[in-house]
Amino acid sequence: MTSSTIRTRWSPKRDTATPQHRRAAKAAAAVAAGALALSLSACGSSDEGSGGSTGDTDDTTNNVTLPKLDGVSLEVAAVWSGTEQANFKKVLSEFEKRTGAKVTFVPAQDPIINFIGSKVAGGQPPDVAMLPQPGAIKQAVDKGWAKPLGSEAVKELGENYSQGWQDIGKVSGKPYGVYYKAANKSLIWYNNQVFENAGASEPETWPDLLNTAQTVFDSGVTPFSVGGAEGWTLTDWFENVYLSQAGPEKYDQLAKHEIKWTDPSVKDALTTLAQVWGKPDWIAGGANGALQTDFPASVTQVFTGGDQPKAAMVAAGDFAQVNIPSSMKVGTDAKVFPFPAVGDNGPVVSGGDAAVILQDSKGSQALATWLASPDAASIQAKLGGYLSPNKNVPNSDYPNAVQQKIAKALIDAGDDFRFDMSDQAPQAFGGTPGKGEWKILQDFLKNPKDIAGTQAKLEAEASAAYGN
C-alpha cells in the first residue's frame, strides 16, 4: 500500500485562526486543524463503531448525468486489496447499474506506475488507473500514457472539489486526475486502557509526546508500534516532523529538490526522529522487529493483548480503522490524537488516489465523471475506512463520529494544504519498496546515530532521481 499525503498546518493549542491561501502565503488551515485537535480529543461517544461498516449503499442519490453504455467493457487498475477493494467494487457496481457498462477491477502491483508500464508495453493498458502519487500522474503524462479529462469530468471536479484538489490532478495546467480517495495521516492512534492504566495523557507537542511515551514505558508497556517493513510509514514520520519543524517554505523547497537533503533542516528533523527511533525499548520488537512488521500488523498489535498489548500507540492514518479489531470500539477503546507539534504548528496529513484515464473513450470518460461525483464517494463513505476530498459528500454518510470529524476537518481545510513530499518525488526516490527514501529511512531506523550518512545517501539518491 502506498500512500499520498497532504499537509495542512494548524495550531494544536488554538481553535481559532485565519487560514490563508497556500499559493499566496503558504499558510496553514489553522481553523480546520484546531477544530480537528478539539474534535479528536472529544471522540468518546458511546455510539461510535469501528471503521468497517456494512453501511446501506442502496440509498444513493442521483447528482450526476451519465451516458448509456450498454455493451461497453472497462478495466480499472488499482493496488487496493481486501476490504478496500471490495468496497470500491460496490462503487463500480453502481456505475454498471446506471450505465449498463461492465467494469472489471484489475489488481495491480506496487509501484503501480511500473505495472501500468508493463501493460502499456504489452498493448493492453487498463482504461483507468488509480494512481497514488502526483509524480506518477506526471510520469504517465510525460510518457504519453495518460489522457486529459473531458468536459463532463472537469465539470464535476469544478462543482465538487476545492481548487487545490483540482490543481493536484493537473499537469502543465491540464486536468488529468480525479482525486477519488483521501486519507488523514497526521494521527496517532492509542490504546485507551493502556493510557488510563499508566496515567498518560494525550500530548500536544513533541516534548509532550516524549513524556507520554516515558510514562507508558514506566507502566510496563512499549510505547510505539512502527510498521517499518513498509518504507512509506517512515516517510510519513519524517514528513510530519519536517513540516512542523522546518515550516512550509522549506517543505516546498525540499519537495522540489530546490534545497539539498544535506540542508541543516533535514539534520534537525532526523535528530528529532532519533529521539524516538534511537530508543529501541520504545519500539515494539526494537528496530529489527519494526522492520519485519507491516502496516496492518503495526495497528493490530496496539489493540490486541488486553491491557498488555505489544505497544500503546501507532502513528497511522484514518484508514487504520479497518485494522482495529471489532472488539475495540473506535472513540472509546481505540482513541486518536493529532500528530504533535514539533515547531510552532503541528501537521495535518492526508492523502489521495486519483483516477487517470489511460484509454480515452466515452466509457472511460464517463467512469472518471462518476468517480468525481458525490454519488460515487458517498457509497464508499458509508462503508467505512474511506475519506473523500469531495466537498459535496454529506458528512453524515461517514459511519462513525471519528470519521465524520476527520472528514469535516479535511473539507474545511479548503485549498490550504501540501501534498506528500515523497509522493511528489520521482518514483525511484519516493515511492519504490527497497529503494530510495524508503530504504534509506529503514536503514536510519536501524542506525539513528548516522544522521550525516543518512543525509548524504538521501541527497545522492534524490540528485540522481530528480536529475539536478
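In this predicted model, W80 and F88 are both buried. The two rings also meet as an aromatic pair, with 4.9 Å from centre to centre and 80° between their planes, an edge-to-face arrangement. An angle over 60 degrees is what places a pair in the edge-to-face class.

A stacked counterpart is found at F238 and Y242, where the ring centres lie 5.5 Å apart and the planes make an angle of 25°. Here the cut-off for stacking is an angle under 30 degrees. Both residues belong to helix α10, which covers residues 231–246, and their spacing of 4 residues corresponds to about one turn of that helix. Like the W80 and F88 pair, F238 and Y242 are buried.

These two pairs are among the 22 aromatic pairs that the structure holds. Aromatic residues also gather into a cluster made up of W206, F224, W237, W277, W282, F339 and F444. One member of this cluster, W282, has a charged neighbour as well: K279 lies over the face of the W282 ring, 4.1 Å from its centre.

Turning to the chain as a whole, the secondary structure consists of 21 helices and 13 strands. Of the 468 residues, 60% are buried. Among contacts with a separation of 6 or more, 78% link residues that are 24 or more positions apart in the chain. The accessible surface of the chain amounts to about 17,000 Å², and carbon and sulfur atoms contribute 47% of this area.

Definitions and conventions. Residues numbered from 1 in each chain as written. Predicted model: local features only at pLDDT ≥ 70, side-chain atom pairs only at ≥ 80, totals over all residues. Heavy atoms only, no water. Phe/Tyr/Trp six-rings, centres within 6.5 Å; stacked < 30°, edge-to-face > 60°. Buried < 20%, exposed > 50% of the residue type's maximum accessible area, 1.4 Å probe, protein only. Helix = DSSP H or I, 4+ residues; strand = E, 2+ residues; numbered from the N terminus. Lys NZ or Arg CZ within 6 Å of the ring centre and 35° of its normal. Contact = heavy atoms within 4.5 Å. Areas by Shrake-Rupley, 256 points an atom, 1.4 Å probe, with all protein chains shown as cover.
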